[in-house]
Amino acid sequence: MSEEFKNQTSAPAETMEDYAAELEASFRKINEGDILTGTVIDISENGILLDLKYYTDGLIHLEDFTDDPNFNFREEIHEGDQISATVIKKDDGEGHILLSRKEANEVLAWDKLKQYMAEGTNLTVKVSGIVNAGVVVYVEGIRGFVPASKLDLQYVEDLNEWLGKEIQVRVITADEANQRLVLSAKEILREQAAQSRKNLVSSVEIGLVTEGTVDSIQPYGAFVKLGNGLSGLVHISQISEKRIKSPSAVLKVGDTVKVKVIDVKDGKLSLSMKAVNDVAAEEIQEETFELPETEGLSTTLGSLFKNLKF
């Protein structure tokens with residue numbers, strides 16, 4: 001007996017009980033307003049066809065799918081996708097149940113949006129319109145607003161430059177009752193900038209001597225810009241060898257100063273101007289006692305000290 005025949009004879013025979021659930025589903029009563037979930041089996045110019053596990057298929061016309069003008073059906077919908085939609089007509093005249101994803105979204109999308117807000121989910125969206133004081137994007141088919149003040153870390157002068165751009169945002173307001181969806185890119189950009197700065201700071205070696213520009217003066221010290229987005233604090237005790245009452249006594253904003261990195265902790269740089277003088281003193285001291293290149297190993301102790309004045 002062949003192996004193929006054995007497999008065929010050993011396989012259990014299918015019975016009506018195996019299809020009981022599907023049969024029961026195919027005869028269930030469907031009403032207008034019901035939200036059904038089906039599997040995409042075809043995408044055409046006519047619309048999206050869904051297998052509802054019912055005696056007839058469901059059809060969503062493209063205009064009933066979303067209001068998002070940037071939505072590309074060919075790229076974003078695939079056979080096998082699961083889609084939920086609302087029954088708007090039990091028979092479209094051609095044997096299909098007519099569905100609307102837009103109407104279902106009014107019920108289902110807000111739950112997702114509230115979840116995104118609670119979890120702080122990063123969402124990639126495309127700017128599809130410019131309005132007064134901000135831009136328009138779509139999330140889960142719902143029209144959302146990103147205020148100009150939440151688009152970037154810097155002041156946004158020309159909103160038209162953002163049209164068509166993809167940006168990452170988070171939901172900050174999801175008010176279903178008033179159909180108000182507000183999003184922000186600023187929090188994500190702040191976190192990315194902080195992480196970039198942390199990475200830069202961690203790469204700075206203690207002992208580095210460099211120049212910087214005094215950016216601001218506080219009662220406890222001065223903040224110095226070092227370039228590459230880095231800055232650090234010169235504590236008042238590290239500004240001068242002499243005791244000073246205020247950093248402004250010896251520094252002003254815009255001054256170029258030489259500083260030494262004396263500590264790197266928690267993503268912050270501690271700088272010292274006083275330590276630079278110590279470094280300079282050490283270099284001078286080393287030069288004073290440096291052996292001339294012309295002198296060999298036979299140099300006597302007397303010849304080493306004969307030119308030194310005490």
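What follows is a walk through this structure, from its two barrels to the strands and salt bridges around them.

A word on the ground rules: this is a predicted model, in which local features need pLDDT of at least 70 and side-chain atom pairs count only at pLDDT 80 or more, while totals for chains, interfaces and linings use all residues. Residues are numbered from 1 along each chain as its sequence is written, and side-chain values use heavy atoms, with hydrogens and water left out. Helices (H or I, at least four residues) and strands (E, at least two) are DSSP runs, numbered from the N terminus.

Let's start with the barrel at β1 to β5. Five strands close up in the order β1-β2-β3-β5-β4, with mixed pairing; two strands count as paired if DSSP finds at least two bridges between them. On average, neighbouring strands in this sheet are turned by 55° against each other, ignoring direction. For angles like these, axes are lines fitted to C-alpha atoms (for helices, over the stretch in contact), and the values run from 0 to 180 degrees between N-to-C directions. Look at β4 (residues 82-89) and β5 (residues 97-100): these strands run antiparallel and are joined by three bridges. K89 sits opposite L98 in β5. As a reminder, strands of a sheet pair through backbone hydrogen bonds, either parallel or antiparallel.

Now bring in helix α4 (residues 101-119), which packs on this sheet and touches β1 (35-44), β3 (58-60), β4 and β5. Contact here means heavy atoms within 4.5 Å. The direction of α4 makes about 110° with that of β4. L108 is part of this helix, and together with I35 and V107 it makes a nonpolar surface patch of about 210 Å². Patches are built from residues with over 30% relative accessible area and no salt bridge, joining like charges within 9 Å and nonpolar side chains (Val, Leu, Ile, Met, Phe, Trp, Tyr) within 5 Å. The areas come from the Shrake-Rupley method with a 1.4 Å probe, and for residues only the protein chains shown count as cover. Why does L108 count as partly exposed? Because its relative accessible area is 33%, and the classes are buried under 20%, exposed over 50% and partly exposed in between (1.4 Å probe, protein chains only).

Helix α4 also has a hand in a salt bridge, meaning a side-chain nitrogen of Lys or Arg within 4 Å of a carboxyl oxygen of Asp or Glu. By that rule the count comes to nine salt bridges. In one of them, the side chains of K114 and E176 meet at 3.1 Å, N to O. This pair links distant parts of the chain, with K114 in α4 and E176 in the loop between β10 (166-175) and β11 (180-184), 62 residues apart. K114 is partly exposed at 33% relative accessibility, and E176 is partly exposed too, at 27%. Another salt bridge ties K53 to D51, with the closest N and O atoms 3.8 Å apart; K53 is partly exposed at 47%, as is D51 at 24%.

Following β10 takes us to strand β6 (residues 123-126), which is joined to β10 by four bridges, the two running antiparallel. The bridge partner of L123 in β10 is V169. In a regular strand the side chains alternate between the two faces of the sheet. In β6, L123 and V125 make up a covered face, while T124 and K126 form an uncovered one.

V169 is also a handy pointer to L189: the two are 20 residues apart in sequence and 9.2 Å apart in space, C-alpha to C-alpha. L189 is in helix α5 (residues 186-202) and is partly exposed at 26% relative accessible area. Leaving aside neighbours within four places in sequence, L189 contacts L151, D152 and L153.

Helix α5 leads on to the other barrel, lying across β14 (230-235), β15 and β16 (268-272) at about 65° to β14. Here five strands close in the order β12-β13-β14-β16-β15, again with mixed pairing, and neighbouring strands are turned by 50° on average, direction ignored. Five bridges join β12 to the antiparallel strand β15 (residues 256-265), where V259 is the bridge partner of T210. Finally, D215 in β12 (residues 209-218) and K225 in β13 (residues 221-227) are 10 residues apart and form a salt bridge, with the closest N and O atoms 3.9 Å apart. D215 is partly exposed at 41%, and K225 at 47%.
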